Amino acid sequence: MKKFLVALLAGLMCLFMVACAPADMEKAKAKMEEAGYTVTVLSEEATEALVGEEAVGSMNATKTEGGITNLKIYTVNAILFESAAAAKAYYNETKTEEVDEGQAYKVSGCWVISGSEVAVKAFLK
């Protein structure tokens, strides 16, 4: 019984982690626009040409804050894949050992997300 409860809890935690990423491109776009980002969505054909056949869409979202003396630019790039396995495979192929300070590169469900830490957190929130 104890093993069953541990397995159930682990499964629920995995669902919670994956559930943070938007379910599809429309929801991702709406989420980022609501957070104040300007969003550009590439067509499925353009994404497929850039990334590969298993990619079904991609987007870039940018937000600026501050003025001339304290300008901050937050950017996130997100690629949506047909399956979580395809996203994980792409992530493993393209990840590097080090990520620049203030930047993030993550996989969540069917998404591979990169950009500034602030923007990636907004995407996964």
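This is a chat about the fold and packing of one predicted model.

Biologist: Okay, what are we looking at, and how many helices and strands are there in the chain?
Modeller: It's a predicted model. The chain has 5 helices and 5 strands. Reading from the N terminus, the elements go α-α-β-α-β-β-α-β-β-α.

Biologist: And how many of the residues count as buried, percentage-wise?
Modeller: 28% of the 125 residues in the chain. The accessible surface is about 8,400 Å², with 58% of that belonging to carbon and sulfur atoms.

Biologist: What about contacts between residues far apart in sequence?
Modeller: Take the contacts between residues at least 6 apart in sequence: 50% of those join residues at least 24 apart.

Biologist: Let's do the sheet. What's the strand order?
Modeller: It's β1-β2-β3-β5-β4, an open sheet of 5 strands with antiparallel pairing. The edges are β1 and β4 (103-108), and each has a single partner strand, so one side of each has no neighbour in the sheet. From one strand to the next, the twist averages 15°.

Biologist: How many bridges hold β1 and β2 in their pairing?
Modeller: 5, in the antiparallel sense. As one example, Val41 has Met59 in β2 as its bridge partner.

Biologist: Which helices pack on the sheet?
Modeller: α2 does, touching β1, β2, β3 and β5, and its direction makes about 0° with that of β2. α3 packs on the sheet as well, touching β1, β2 and β3, but its direction makes about 95° with that of β2.

Biologist: Stay on α2. Which of its residues are buried?
Modeller: Met25, Ala28 and Met32, in a helix that spans residues 25-34. Those three sit on the same side of α2, because they cover an arc of only 60° around the axis.

Biologist: Why would that spacing put them on one side?
Modeller: An α-helix has 3.6 residues a turn, so positions three or four places apart point the same way.

Biologist: And what's on the other side of α2?
Modeller: Glu26 and Glu34 are there, both exposed.

Biologist: So what covers the buried residues of α2?
Modeller: The cover includes β1 (38-42), β2 (55-65), β3 (72-81), β5 (111-116) and α5 (117-124).

Biologist: How about the ends of α2? What caps the N-terminal one?
Modeller: Asp24 does that, with a side-chain oxygen 3.2 Å from the backbone nitrogen of Glu26. After α2 comes Gly36, which has a positive phi near 95°.

Biologist: Switching topic: Thr47. Where is it, and is it buried or exposed?
Modeller: Thr47 is in helix α3, residues 44-51. Thr47 counts as buried because its relative accessibility is 0%, and the cut-off for buried is under 20%.

Biologist: What does its side chain make a polar contact with?
Modeller: The side chain of Ser58, at 2.9 Å. Leaving out residues up to four places away in sequence, Thr47 touches Leu42, Gly52, Ala55, Gly57, Ser58 and Ile79.

Biologist: Back to the strands. How many residues of β5 are buried?
Modeller: 5 of its 6, so to speak mostly covered. β5 runs antiparallel to β3, joined by 5 bridges, and Ala78 stands opposite Ile113 in β5.

Biologist: And how many bridges join β4 to β5?
Modeller: 6, and those two run antiparallel. Gln103 stands opposite Ser116 in β5 there. The hairpin of β4 and β5 has 2 residues between the strands, and Gly109 takes a positive phi near 65° in it.

Biologist: Ser108 caught my eye. Which strand is it in, and is it buried or exposed?
Modeller: Ser108 is in β4. With a relative accessible area of 7%, Ser108 is buried. Ser108 and Pro22 are 86 residues apart in sequence, yet their C-alpha atoms are 9.5 Å apart in space.

Biologist: Last one: which residues of α5 are buried, and what do they pack against?
Modeller: Ala119, Val120, Ala122, Phe123 and Leu124 are the buried ones in α5. The buried residues of α5 pack against α2, β2, β3, β4 and β5.

Note on methods: Residues numbered from 1 in each chain as written. Predicted model: local features only at pLDDT ≥ 70, side-chain atom pairs only at ≥ 80, totals over all residues. Heavy atoms only, no water. Buried < 20%, exposed > 50% of the residue type's maximum accessible area, 1.4 Å probe, protein only. Helix = DSSP H or I, 4+ residues; strand = E, 2+ residues; numbered from the N terminus. Arc of directions from axis to C-beta. Contact = heavy atoms within 4.5 Å. Polar contact = N/O pair within 3.5 Å; in protein donor to acceptor, adjacent residues only side chain to side chain. Areas by Shrake-Rupley, 256 points an atom, 1.4 Å probe, with all protein chains shown as cover. Pairing = 2+ DSSP bridges. Axes fitted to C-alpha atoms, helices over the stretch in contact; angles between N-to-C directions.
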